[in-house]
Amino acid sequence: MKYAVAIDIGGTNTRVALVNENYTILERVQFRTNVEEPMETLNKIADFIIEWDNPIQGVGMSCPGPLDLVNGKILDTPNLHGKWHNFYVAKELENLIKMPVYLENDANLAALAEAVIGQGKDYNIVQYLTVSTGLGAGLVINKKIFQGAHGFANEVANTILIQDGPSHGSILPGGIEAICSGTAIEKRAEKAGLKVEHAGQVNDLAKAGNQQAIEIMRDAKLYLANYIAGIQAYIDPEIVILGGSVALKIDGFVQDVENLVKEKVYDVVKPLVKVVKSNLNEDSGLLGAACLVFTK
């Protein structure tokens, strides 16, 4: 039996898992990401890996992008700060654990998992979007991640959907992440004077009839649907899979988005629109990281 270590470094939490070649997660740990100091996070990861007594083939690691995939380096991701920027994360972890580390964009790995063992396993052209702390995307064609000419394909967070629209962090005004992500939903609600701690509470207020919350949730679904309709027109995917906490935990979110997408495409395309919720829950990034190791 072969084993891989899968790591998902997120803007909120870091998860580390031991995965076998049947894509069964045997052990896992989770802890808070230090969003300013990368070595604290890497040292914790290394401690867990060293404790696992299995023939590990290597380590697959996902991080928020944009990334320099050639050199294993994080660039200027909006969800990690301080010393994370321009940080050679793969090399630094290799130095700690003395085994190969393969770096990939978190959304790309989630897309790979969906295409290999998830909702997209029976399709050749699989588009994935994660709607969570941030908003990311990945495109897998014939079970291979499409990276584009420079490795930046599907780095969608700054795609402008509203001229001079909302912004947060380093996201440009009107960028899709500043409208549709969980962070954006929460921040927009706070600016409107609503007392919330996460996007789910904004949705609860909308269901209770709060007009400001209704408008914020409407925008999140509407502009995400606009973007997916553009993907339908440009890429013609067989399936679009939505993951991340907003898509997975907010009842009706994915179905509402699919219905809106169907309103924004040609009639002949409507029957072909298939927007579904991930069935890998929040493990898609971990499973994709393991898949990357086994394919290497």
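This report describes a sheet, the helices that pack on it, and a set of salt bridges in a predicted model.

The sheet is open and consists of 5 strands in the order β3-β2-β1-β4-β7, with mixed pairing. Strands β3 (25-32) and β7 (101-105) stand at the edges with a single partner strand each, so one side of each has no neighbour in the sheet. From one strand to the next, the twist averages 15°. Strand β4 (residues 56-63) runs parallel to β7 and is joined to β7 by 5 bridges; Met61 stands opposite Leu103 in β7.

Two helices are described against this sheet. Helix α3 (residues 106-117) touches β1 (3-9), β4 and β7, and its direction makes about 95° with that of β7. Helix α10 (residues 284-295) lies across β1, β2 (13-20), β3, β4 and β7, at about 135° to β1.

The count of salt bridges comes to 10. Among them are the following pairs.

| Pair | N to O distance |
|---|---|
| Arg15 and Asp283 | 3.3 Å |
| Glu190 and Lys187 | 4.0 Å |
| Lys221 and Asp256 | 2.8 Å |

Arg15 lies in strand β2 and Asp283 in the loop between β12 (275-277) and α10, so their salt bridge ties together parts that are 268 residues apart in sequence. Both Arg15 and Asp283 are buried. A network of salt bridges links Asp8, Arg15, Arg28 and Asp283.

Lys221 in helix α7 (residues 211-234) and Asp256 in helix α9 (residues 253-262) are 35 residues apart. Lys221 counts as buried because its relative accessibility is 14%, whereas Asp256, at 31%, counts as partly exposed. Glu190 and Lys187 are 3 residues apart in helix α5 (residues 182-191), so about one helical turn separates them.

How values were computed. Residues numbered from 1 in each chain as written. Predicted model: local features only at pLDDT ≥ 70, side-chain atom pairs only at ≥ 80, totals over all residues. Heavy atoms only, no water. Pairing = 2+ DSSP bridges. Helix = DSSP H or I, 4+ residues; strand = E, 2+ residues; numbered from the N terminus. Axes fitted to C-alpha atoms, helices over the stretch in contact; angles between N-to-C directions. Contact = heavy atoms within 4.5 Å. Salt bridge = Lys/Arg side-chain N within 4 Å of Asp/Glu carboxyl O. Buried < 20%, exposed > 50% of the residue type's maximum accessible area, 1.4 Å probe, protein only.
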